[in-house]
Amino acid sequence: MTVTSVYKPPATPFAWPSNQNIRNGMKPHLIIGDFNSHNTTWGYSNNNKDGEEVELWALNQGLTLLHDAKQKPSFLSARWRRGYNPDLAFVTSRHSNTFEKLVLDPVPRSQHRPLAIDIRPIIRPHMGKPIKRFNFRKANWEKFTSMLDAAINSINACPDNYETFKNHVWKSATASIPRSGRKQYIPCLTEQSKTLYSEYKQAYENDPFAEDTIEIGESLLSSIGSEKRDRWQELITGIDLTHNSKKAWKTIKKLNSESNTNTSIPETTPNKVAHQLLLNGKPNNKPRGYKKKLKEDTNKIMNESSTQFPPFSIEEVDAGIKTIKLGKAAGIDGITPEMVHHLGPRAKEWITRLFNKCVITKKVPKVWKKTKVVALLKPGKDPKSPKSYRPISLLCVLYKLYERLIMTRISPIVDDQLSCDQAGFRPGRSCCGQVLNLTQFIEDGYENQLKTGAVFVDLTAAYDTVNHKALLFKVAKMIKNTTIIKVLESLLNNRQYFVEMNSKKSRWRLQKNGLPQGSVLAPMLFNIYTNDQPQFRNIRRFIYADDLCIATQSKTFEIIENRLTEALSILSGYYKQWFLNANPGKTQVCTFHLNNHQANRILRVKWENEELENTKFPVYLGVTLDRTLSFKEHMRKLKEKVASRNNLLRKLANSKWGTDPNTLKTTAVALCFSTAEYCAPVWARSCHASAVDAELNQACRTITGNLKPTPLPAVYRMASIAPPAIRRDTLTRQERDKQLSGSRHPLYGHQQPPQRLKSRKSFATTNGLDGSNPAQHRLEQWEIWDRSTFHPTVPPPSESLPNGTSFKRNEWVALNRARAKVGRTQDNLHKWGLVPQPTCPCGEPIQTMDHILRECTLGPHCTDQDLLDANQSASQWCQWWHEKI
């Protein structure tokens with residue numbers, strides 16, 4: 001193995017010695033050092049010339065960057081107080097799966113963190129926790145169903161017998177589902193692969209870089225690659241990765257047998273966090289006699305309410321079971337979603353009778369009221385503070401099913417009475433629609449020459465502070481059904497929980513107030529609890545669950561300040577009355593106007609004798625706003641987020657099991673495009689919207705393997721993904737159709753003011769799809785946009801991948817480069833300044849892609865039609881030339 005150390009001074013242009021050609025060597029070559037170059041590929045916000053030169057050099061030399069976007073930066077600038085990654089490590093692509101870069105702890109008197117390069121087998125055991133878990137992939141579900149149905153015949157369905165039912169479920173599960181707690185295991189290793197793995201271990205011990213070792217490793221990876229692809233597809237199609245890619249990173253590292261470098265040890269104790277949760281539930285004010293008065297008022301309403309509540313049917317239970325997501329954690333009773341999904345007809349009938357008995361007796365199984373709370377550190381928060389942890393309640397699966405059946409019954413009654421300003425967790429409403437509601441209000445202000453002042457209200461632990469007696473009173477007022485009130489009371493009273501952190505547990509606590517995070521009913525109950533928030537004259541409310549924005553418009557700042565201050569004062573009284581804790585320290589205020597000469601004018605708004613913070617970039621439901629709604633800052637953040645996800649896509653493309661083009665495309669759409677298109681109808685018309693396109697283009701190039709100079713229309717065609725601008729336009733038109741025809745949309749019936757500003761293009765000025773479906777519209781607009789004339793080898797616009805997806809990764813890359821006629825030919829390398837002459841080794845003065853395809857005597861030839869069809873001739877050509885182009 002060859003190791004080369006590099007240092008490039010900041011002011012010196014990057015240039016690799018022309019006499020050092022790494023590509024031609026068979027042994028592994030590691031290049032590591034301080035490159036002092038900027039590129040989004042390794043974590044910078046933009047590219048500089050050196051960064052682009054390094055990227056092109058690595059591509060030409062056949063090198064792979066060892067980089068994990070989730071690791072800490074290797075350099076902390078004392079001047080800029082930020083982390084960067086000037087220290088890079090490259091390795092020959094053929095051996096990249098054997099190397100892993102680790103960023104170590106800092107050393108004194110240095111701004112650089114040490115880097116460690118771990119040379120490891122391509123397959124190695126994954127370190128697991130010695131906790132016994134069910135292996136549902138090997139379960140005998142027929143045996144489980146029949147055993148359980150036979151066992152529960154003689155059990156009476158009532159809350160007191162739930163423990164017996166649970167024991168029978170566990171007995172049936174342990175008899176039919178393998179259960180083990182392996183400290184070490186290899187993901188996706190099948191019985192057929194075990195012999196091959198033994199051979200690989202022996203070869204690796206003898207010589208890890210020998211040709212035989214590499215070949216056996218390739219065979220082993222190919223053997224288990226199909227199972228890994230299936231696991232990955234199951235992940236990316238089964239969960240929403242728009243906002244959080246943590247699970248995707250964790251899964252890909254596990255499948256690649258990489259070490260987890262992001263494990264953090266909590267710096268506080270579970271008991272402290274559990275105590276903090278109790279403090280969150282304590283109201284700041286306790287009026288004397290409030291419990292008695294609330295109970296009297298509730299009873300008065302209940303005396304005049306209906307008691308009718310038809311029993312649940314087995315069809316309702318079946319429908320509820322279908323909504324339960326697989327792969328979720330079990331509650332205290334240990335019954336998992338997979339077990340519930342495979343309940344037999346008798347078990348479902350027993351569950352139905354149990355639920356009905358719970359309604360009649362107003363009593364639930366004791367274990368349903370016991371909760372395990374997992375505390376997760378909030379991003380960027382102090383790990384030493386108990387307030388910095390987000391509690392996630394792991395509730396019993398059947399308890400959540402019971403909640404869902406209740407919610408299905410009462411949601412039509414509740415939804416009809418909720419305020420039209422509330423958009424959270426309601427059918428027909430979404431985050432995108434609510435953000436559009438706010439931004440359109442601001443845009444209308446621009447047209448009417450009005451300034452908009454907005455306060456983004458923050459509540460401390462909003463769900464944890466919900467008072468149970470007050471909640472039951474408000475539910476009684478809205479639903480007017482005694483049975484439902486008593487059922488909800490049975491769910492809320494005498495709940496217990498403990499907190500678990502890093503395998504340590506707190507003692508049990510009694511939950512007197514609050515709604516558990518993870519409860520099916522919690523969002524609806526919170527909406528009911530806050531439904532009577534005060535309304536204000538000349539002030540609009542934009543509510544999404546516990547996110548509240550109040551906004552008003554006027555020609556002067558002073559009027560806005562007075563209105564908002566008065567409204568906040570009224571809100572304070574409401575929050576104190578209903579035991580909610582306002583948080584002026586985190587509440588922010590912002591103005592939206594087009595008067596540039598008053599750009600620095602701030603709003604002086606006070607809340608509870610504290611002047612609120614003015615922010616230039618408020619964030620509402622994940623969208624960063626600004627004074628003129630240019631969305632420049634939002635696009636900067638979005639670009640960085642997509643760049644981070646591109647690193648995961650590249651890691652997948654560099655693995656042996658994830659290089660299938662269909663897998664890469666599905667991953668790119670689920671990880672990169674879904675993130676880049678979140679709330680696209682809000683900001684798609686911004687002149688800064690195209691800022692994120694560079695990262696989406698990179699995602700498409702990762703799918704196809706094309707080089708950066710390849711024309712983008714050709715890249716989109718070969719990746720079978722429509723251009724980003726067309727995808728955003730289609731999403732905007734879809735949302736416009738919803739707004740025009742959907743009475744539940746927050747902007748339904750909106751009256752657009754006369755357009756005064758020709759430069760402003762608000763959402764209300766856009767058009768719908770005119771009856772076409774989204775896929776058809778995307779394709780039509782793509783064909784109109786892409787009227788360029790390409791070589792006949794580039795497939796036409798389509799959302800299905802072109803021929804050749806069965807090729808190996810390196811052959812697929814060579815095929816697409818040949819189709820686009822842009823590869824590492826001597827002619828291109830000469831233009832890029834990487835070789836002195838464009839001469840072909842066969843003697844031709846200029847080596848172009850057409851020359852290699854049709855004339856070069858050094859290898860096989862191939863026609864344009866062969867490339868388009870991806871036939872045997874194309875495959876032979878790609879096998880010969882893939883290392884050279």
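**Exercise 1.** In this predicted model, determine whether Phe 473 and Trp 578 are buried or exposed, and describe how their rings are arranged.

*Solution.* Step 1: both Phe 473 and Trp 578 are buried. Step 2: the two residues form an aromatic pair with 6.3 Å from centre to centre and 15 degrees between the planes. Step 3: planes under 30 degrees apart count as stacked, and the pair is accordingly stacked. Step 4: locate the partners in the chain. Phe 473 belongs to helix H14 (residues 468-479), while Trp 578 lies in the loop between helix H17 (557-577) and strand S21 (588-592); the pair links distant parts of the chain, 105 residues apart.

**Exercise 2.** Explain why Cys 396 forms no disulfide.

*Solution.* Step 1: a disulfide requires two cysteine sulfur atoms within 2.5 Å. Step 2: the closest cysteine sulfur to that of Cys 396 belongs to Cys 358 and is 12 Å away, which is too far for a bond. Step 3: consider Cys 590 likewise; its nearest cysteine sulfur, in Cys 549, is 9.5 Å away, and Cys 590 is in no disulfide. Step 4: a search of the whole structure finds zero disulfides.

**Exercise 3.** State which residues carry the charged ends that sit over the rings of Trp 508 and Phe 763.

*Solution.* Step 1: the charged end of Lys 370 sits over the ring of Trp 508, at 5.8 Å from the ring centre. Step 2: over the ring of Phe 763 sits the charged end of Arg 736, 5.9 Å from the centre.

Definitions and conventions: Residues numbered from 1 in each chain as written. Predicted model: local features only at pLDDT ≥ 70, side-chain atom pairs only at ≥ 80, totals over all residues. Heavy atoms only, no water. Phe/Tyr/Trp six-rings, centres within 6.5 Å; stacked < 30°, edge-to-face > 60°. Helix = DSSP H or I, 4+ residues; strand = E, 2+ residues; numbered from the N terminus. Buried < 20%, exposed > 50% of the residue type's maximum accessible area, 1.4 Å probe, protein only. Lys NZ or Arg CZ within 6 Å of the ring centre and 35° of its normal.
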